[in-house]
Structures are given as C-alpha cells and as structure tokens.
Amino acid sequence: MKKSRSLLLVLCTLVLAAGCEDAPPTEYVARPYVQGYLLVGERIENIVVAQSQPIDRPFDYSASIVRDASVSIEGGGVEMHLIYRDDPDGGGSYFCPDTTVRVAPETTYRLVVRMPGGEVLRAETTTPQSISWVLEPPSDLQYPRDTTKLESSDSLRMIWSPGNSAEYLLRVRAVDTVGYGRYLDPPSEESNARTNSRGEKRGTTYSVTQWVYAPLNRMRLGWTSFTWFGRNEITVFAPDYWFLEWFKSTQFSRISAEFDQRESNIDGGLGVFGSASILRKELFLQKNGR
Amino acid sequence: MNTRLIHWLIILVSVSAISHRSAQGRDHDRDSGAQLGGATVSGFVRDAVTRETLIGATVLLQGTQRGAATNKSGFFSISGIPAGESVAVVSYLGYETREITLQLSEGESRRLDISLTESVVEMAEVTVEGTRQDDGRQISVSSVTIPLRQISQLRVAGEADVFRSLQFLPGVLASSQISSGLYIRGGSPDQTLVLLDGSAVYNPSHLFGFYSTFNPDAIKDVELIKGGFPAEYGGRMSAVLDLVQQDGNREEFEGKASLGLISSRLSLEGPVGSGSWFLGGRRTYIDMLTSLIETDASPLPSYYFYDFNGKITQDLGVDDKLSLSGFMAKDQMDFTNPKGMTLGLGVRNSAAAMRWMHLFSGSVFSVFNASWSEYRNGLENERGGFGARIDNRIEDLTVKGTIEWFAGSDVKILAGFETSRYALQYLQQFGGDADSSLSAGDGAMNIDSEDEVLAGFGQVNYELSARLSLQLGLRGSYYRLRDILTFDPRFALRYRLQPDLAIKAAWGVYHQYFRLASVPDFSFFDTWLPTDETVDPSRAIHYVLGVETRPFEGYEFNVEGYYKGLSNVSELREFVTQSTAVREIFYNGTGQAYGVELFLQKRVGNFTGWAGYALGSIESRFDELNGGEPFRPKWDRRHDIKLVAQYRLNERWEIGASFTYQSGQSYTAQTSRFQTSFPGDNQGIGVTVPADLYGLRLPASHQLNLNANYYTTLFGQPARLLLDLYNVYSHRDIWYRYYDTSEDVTEVTDVVLLPIIPSVAIEISF
C-alpha cells in the first residue's frame, strides 16, 4: 500500500513537472540582414546591411549596421558597386555613386552582398511595369471642419493604371512637419500641427508616414491617413511580390512582427530585396476651421 | 493493406452475414434452443410524464443476453424471441426500472411502447440494469454521453454550455480558457461533425467562441464519438457530436425560466394535436449593461447574442412521426467612436429541418431528413467616407435517408444515402467605397461557388457469438466540384471477455471535403472552403483499441488507446490577400495523433462525476513550415487531467467541483531581433527571429471551479438558486505570449485570461 502511494506520488510529480514552462532558448547566432527597395525611375540607394542582435538586450540600431560590406547590384546589363554613407538617424546605407543611373521598369536586378565575416547573401527582384494616374488627387485639400460628421468626399478618391500588379500600397508622408504658414498666399508665421489622427510615436518622435494596403487600382483614402496638416505627399506603390509580402508580414502586426523565411527572398540571410513602380502627388492639407 | 481489397472484404462479409441469416431460415437460440422464426418485440420507450422519447434506454430479456438499446428516435427492436413467456426489463439512467411480462406466440410481431417513470427519490442509488453495450449488435467505440443533468452543473461564469461541458472529458481540449472550440484527439474543431437533429451546424459559437450556440434547455441527448465512428456519419475526419433537441411535453404545458449574469433563458413546451411543441430562447444583455456605463467621450462596443430553438412533432398514425425544427443564433457587435468611425460585426447560424420517421414493420425502421443550414458572418466599417465590407457564408441543403433493419437478434443492417448542395461565398470590398455592392468580380479574394456531394453508406452489425460482435461499414462519396469519388471503409469489433469486461477495437478511413480558415482562439472570421482542383480531400485513418469494464457497482471504466494518421490537412497561410485556390490559401501537410485515455465515470447515486486522464501527442508536418521538420501544433497538450464531482447533500443542497490540469500550450520562442523599414519611414519596425515552431511550452493550465445549487420554491413553483465560483484560486492562464518590439527593449508580454468569477443565477420551473 505504501509502495502504491509512493508510486502514485512520483507519477503525479512527474506529470506536474512535465507541465512546467520550458526555459527560453539562450542560444543566439547573429544573422545578417539586408533591406533594399528599388523604385522605378529613382536612384539606387538606401540599401541597408545589418546584423541581428540578441533579444534579451536593448536593441541598438546604430550598432547593428554593417558599414564595411561589399554590395553590388547587376541589372539591365550594368553592374554597380555601391558605397556606404551614414544616415542622419544614426544608421547608414549603401547607394550607387553614379547618380545618373535610374531603376528601369520590367528589369531583373541581382543583389550580392559579401559580409566582412565571409557570408554571401544573394537576392533578385524584377521591377514591375510603370503605372500612371487615371484620376489623381487634387493639390489642395480642406480638412473637414467637424471630423465627427465626415461626409463621403470624392476629393480623396484616386485611380491609377493597373500595370502588372494586382495589389498596391499607398503611403501618405508629411513633407514638412514644422512649416505651414509659409506655403500660404499670403505667407504667414503659422506653424504646422498634427491632425487628430496622432500616428505612431516612439520616444518623442511621431511617425511621418502612414501606409495603406489597397487590393485594387483605385482607392478612397480616409481623412485619418493624414497625421499632419500642410505639405503632404501621396505615393502609390505597385510592388513586386517580395516587397508586398514583406510589407504584409511586418506591417500587419507591427509591435510583434516575427520573421518568416517564406516572406523573404534573401538567400543566406534575413530581409528583403524588392521593387515597385511609383506615382507621387504632393498636396497641401489646409487646417480645419476652429 | 490495399484499400480496395478492404472494401471487397467488407462487402463479402456483409453479404455473407445477410445470406447466412436468410438462407438458414431458422437459427438456434443460444440460450434456449428455440427457432429463429420466433417473435419480434419493438416499440418506443418514453418518459411517463412528458411522453418524451428516451435515447439509449435498454430493453433486456430477463435470463438471456438478448437485448436492445433505443436509437436516436427512442425506438428499439428485438427479434428471434422464443415463443412463450418472456420478461422484458427496461431501464434508463435516472428512471425506475420496469419489468414487463410478455406472452408471445411463434412469429408474432408485437408493438410495445413503454413508459418509464423518473425515480421518485432524486439521485437515488438506482441500479441501471444495462447500458447500450448490452445490445450485442451495438458497438460503441470512443463514445461518451454526458447526462444532461451534469451539463447543467458544469457552468462557466454561471452559464451551462454543451461544448464547455465536453471540454471536461479527457482527450477533449480547448485552445484556451475563452474558447468553446473542441480539439478532439488532435483534431481541430472543423474536423468534428456537429449535428443538431441531423442538420450540420458550421460554427456553433457565441461571444467569439466563448460559448456554443446550443441552449442546454433545448437539448435532449448529447453523444460525442471521439473516433472510429460508423459509416452513417461522414464529411468530417475526427469526431462526431450528435445532438438531439427536445420534442416537448406531450401531456401538459410547462416552462422554465432562468436569469443569470450574462444571459437569460426561457423555454416553453406543451401538447398539440397528436404530438408536442417546444420553444426555447436565450439572450444576453451585455449591450444593456454597457449602455448604462458608457459615455459619449468613452463609448463602449454594443454587443449582444441570442439564440432560438423551436420544434413541433406530430404522430401521423402508429408508425409515422413527423417533426419540424428550427434553430437560429446571432451575435452582433456595433461600435461608433467620437471620431466618427463605425464598425459592425455580425455572425449568424440558422438551421431548419423536417424529419419523417416511418416504421415499415416491427423490424424495419427508417428516418428521412431534409434540412437547410446556413452560417454567415460579416463586417462593415466606415470612417470619413472610407468603407470596407466582408460578407461570408456557407449554405447547406441536405436530404438524407436511413433504413435500419433489425434482421435478427444478432444482425442489424443499416443503409442510407445523403445528398447535399452547398453554396459558398466570400466577398470583400476594401476599395473604400462602402456603399458599393459586393460581387465576385471585385477584389482578388472573392469566392462565389456551388458544389454538390452525393453519399451512400451501408453497415452490418453482426453478433458472431455471445462474446464477439462485428460492425462493418462502407461509405462512398462523390464530390462534384473536385470530380472525385472516395470510399471510407469502417470496421469495429467488441469481444466480451466477461459480463462486465469487454475489449473494443475500431479502424476506419475518414475523408473530409471542406476545410476551415479560422483564427484558433477567436471564432469570428471562419470561412469554409471546398476541396478544389488544387488539393485532394483531407483524410484520416483511425485505429482504436480499448477495454471497458464496470469495476464496481455503478462505475464504468474505460481505457482506450488511439492512433490517427492524417493526410492533406491544412494550415492557413498568413497574409493571403490574393487567390481563391485552396492550395494558395492553405499549406498542405500531414499529421499524426496518438495517445491513451483513462475514464472512470459514475452516473447514478448521490455522488456522481468522473475522473479522466489523457496522455496524448500530436505532430504536424508541412513542407513550408518549420523548414519541413515535424512540429507539434499549438493545441498539443501532453497531459490532460479532468476531475468532475457532484454531490447531493440533501433535498435542498447540491454541491459540485471541477478541476482541470493540462500541460502548457506550445509557443514559438524568439531568439534575436533586427529592424526593418519602408521607403520614406522615419521610424523602423522591430522584427524578431523565431526559434523552432511551437518548440517551447508555456506554463501548465489548471483551474478549479465550485458550484452549489439550492432547491427552493418561488411564487409557489420549483426553483433553483445557482451559485458558481469560476477559477477559485484565480489562476490566470496565458492566452498567448508575444514579443513587443515597439521600444528598444523587447518586452516579453503574456496576455492572460480570466480571473476568479463569482456568479449567481435563479431558475424557475412552471
């Protein structure tokens, strides 16, 4: 009887112990990361090369940047060796020093990155067809006086040619978060302000961009897409497959985005090498009446 | 073994059994040497007061091992009874046993409708003479029935719920504390066939999965078959949950009302014509409560759910019964914020069925069922002229017929057909034009299709000897859209070692044609998709071996081991926004689940309840996930302990407790981090790098609940005061763990679930 009770006790303990939480993994291997977006008609620049960092330490963006990699891009029969420069935000990126080179549509570009430690990363993207406006947004917009009684407005509707993409991204970017009155006629000293859509904030800095996913080649933006008054730029992106998949896998779950190798086309590392055709339209968003 | 060979073996054995029966003409009664051309006794077993049919009641011939259990319509048939005097002993859980003396002549077919009286002394130690297992033709493998009485005790936050009660069985898991979805022996909720009076129900949940849509007051019988289910069930590959609605009191009007913290219920029933009617409804008042506390500056979502059951039953003569039943459940959430954004989410389940039962003779029973079922969900969102809509539905029109031939005391033959027509729609509009109508042409994800499935099945239950019974079945199905024909052989046996000790085994192939795109913990955007030309139907092969016994008076003990091999199973691809091809919406892979379950149950007496333990393992493998390496899915729980106890103290008080313990759910740990951004961004997004998919376990889940019922009277009518303490020691289960990278320091955050919840409800019968 005593033996049975002891056995039962041991079994129960084993069962309960087997149900305890597993200790988190402690192994960490620094992995190389590459991020590059080729925009049709634009220069080849902002190619980021970095290393991942352990998750149990504060992330240091500047320290993650790799400044001495060998980066080259071949496309359209031309091979370009990129050089590094620091960015004002503490990071840095690689760019093509020949500023006459522009990204061509429907062209395959191949990226090769040789890390200082010897790893070689490769990726490839084929740029989409160019797109054009069918119905572009106006240059001036009046933010509604009463945002609780928003009426459907055609002024935010836009249409573009489909190109060879089936899904699109829109970006609203505040061009000047400080100046406002200087752009008026007559100019004034009035400074810019945020709309009642605050946008994302990290530390003391607000994001100047808002991204929107568009499943068709037409869209009606909502007023909440604008986080600042004044000069704004609306950009339509017709992305290639990898740009779009990278966007979905990271933007749809922003505060807890998890890397997924299936959404990455970097052979030998992490990240994305994608491309897009773009359309830009700058407009001025007038403040709503007080 | 070659599948085609198995099919032919089943047909051969079945034909042999039938031929043996008819060619021999007369058989030897193994007890008394009488001839087969003996008498047949058949009929219905009912509650003496309400006239409600009783499912699973047993009719045994005293002094023999011959007997029968009533089927889903309360019908039984015993053939080959020797001429002369016989005593039929009729018993059913919670009712007084009855003995009926019969004088039968050679070849006579006697119709015997039996009434049983509920035991006068509540929960008295009534000895149940038999169980369904005493019908030698009946083999129930992996089948569990929970007395409705116990379902009403297993309350969550004061609400009794059928699915929540089933989660207290070993081997039946939930994805979380807030989900009523059933994960049975490694199978996901969409792999369980849920039937309500023969109609399939597609997403039976309220409150985004917290409760099921089945009002316990409207349900008469709950049978869960965890595996190895027979050929009459098809379309799903893991388990079957077969629910039968109340017919209603045929003798007098009665009702029951209850008022709880989350919802209130009302059920009414009574006689009409030559039958009865039943109406039951339930509604929550969360919306009324939130409207009292919200302000213009801080609005709250308005949410409500309701469900409604109705049934009318009529006897069209002695041998015919017709019933019409309906069911509707709705969830609706609306929200408007001060900035003018409006959001509406709605879910609706609807079903209607017409069921005709006909007795061709005392030994040929038939049921024909015509049903319609629809599951629908939708979303509407508008802000500043920008609108978005989703409209998603599956509609099922089914005609089904089953004939049961009680060919002899040792043979029962079942055959039937099932033909279904489906309409599936998934329409979305994210173009911003909220006022535009949805059509299949808009948007790359839109689906609007129809499909038909035709099925036929046959089954033979053959009692080879006093010890050995066999069940052989075959189900064939044709799927029009996929243009494919599948065959599902099913086999089961029971070998009785001793009167109270038997070995059971089952094997079978189970195809599933529909698959579900769903978020495991949050049942709202469930979308059913058919098997199209890009994939094959999902398939499972079940192996079950078990022992059942009655170790002590009033106790039943089952030990069962199982193995389930799965192929063409699906895992939803995240972030799919294009394509309607199933292959591009789901990953396709394989899996296996195996384990052993121990279950000790006591169903009669002042003390009732059960203790269950399950040791199980689930493994999945998809080429595109985890580098193609096998992994355990999120709902894999190695150990699963369930304890339920209910004790009737006296005429006034009844107390109970339930305890569950499960190994922690699996999750994917993260090891490192990098930062990404997009053109023009001035801020980046932190992205973590995962370790092995679901490679680690969170802490174990465990919880203790207490309940007490106080029996009294209110306004002169019987009433109950229901007191519940959910999660007594307030153990906060982890719903999920995520890594918050919004700051430079990565925060590992656990989202925890429900704390202790006391609740009180009052129930009155009239």
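**A tour of the nonpolar cores and the domains of chain A**

In this predicted model, begin by selecting Val45(B) and Leu116(B), the two residues that touch the most other members of the largest nonpolar core, a set of 83 residues. Next, highlight strand β19 of chain B, residues 239-245: with five residues, this strand supplies the largest share of the core. Then colour chain B by domain. Domain 1 (35-134) and domain 2 (242-765) of chain B each contribute at least three residues to this core. As a general tendency, nonpolar side chains in soluble globular proteins are buried together.

Return to Leu116(B) and display its contacts, leaving aside residues up to four places away in sequence. Among the residues that Leu116(B) touches are Val45(B), Ala48(B), Leu54(B), Ala57(B) and Val90(B). The list also includes Tyr92(B) and Tyr95(B), together with Asp47(B), Glu96(B) and Arg98(B).

Another core, of 55 residues, lies apart from the one just visited. To locate this second core, select Val66(A), Val71(A), Leu111(A) and Ala214(A), which are among its members.

The last stop is the domain arrangement of chain A. Select residues 32-126 for domain 1, and residues 133-260 together with 277-286 for domain 2. The centres of these two domains of chain A, taken over C-alpha atoms, are 26 Å apart. Where they meet, six residues of domain 1 are in contact with five residues of domain 2. On the domain 1 side, the elements giving two or more residues are β1 (32-39) and β8 (120-126) of chain A. Colouring that side by residue class shows four nonpolar residues, two polar ones and no charged ones.

Note on methods. Residues are numbered from 1 along each chain as its sequence is written. Chains are lettered from A and ligands numbered from 1 in the order in which they are written. This is a predicted model: local features need pLDDT of at least 70, side-chain atom pairs count only at pLDDT 80 or more; totals for chains, interfaces and linings use all residues. A nonpolar core is a set of buried Ala, Val, Leu, Ile, Met, Phe, Trp, Tyr and Cys residues joined through C-beta atoms within 7 Å. A residue is buried if 20 or more other C-beta atoms lie within 10 Å of its own, exposed if 12 or fewer, and partly exposed in between; C-beta atoms are placed from the backbone. Helices (H or I, at least four residues) and strands (E, at least two) are DSSP runs, numbered from the N terminus. Domain bounds come from an automatic or database domain assignment. Two residues are in contact if their C-beta atoms, placed from the backbone, lie within 7 Å. Ala, Val, Leu, Ile, Met, Phe, Trp, Tyr, Cys and Pro count as nonpolar, Asp, Glu, Lys and Arg as charged, and the others, Gly among them, as polar.
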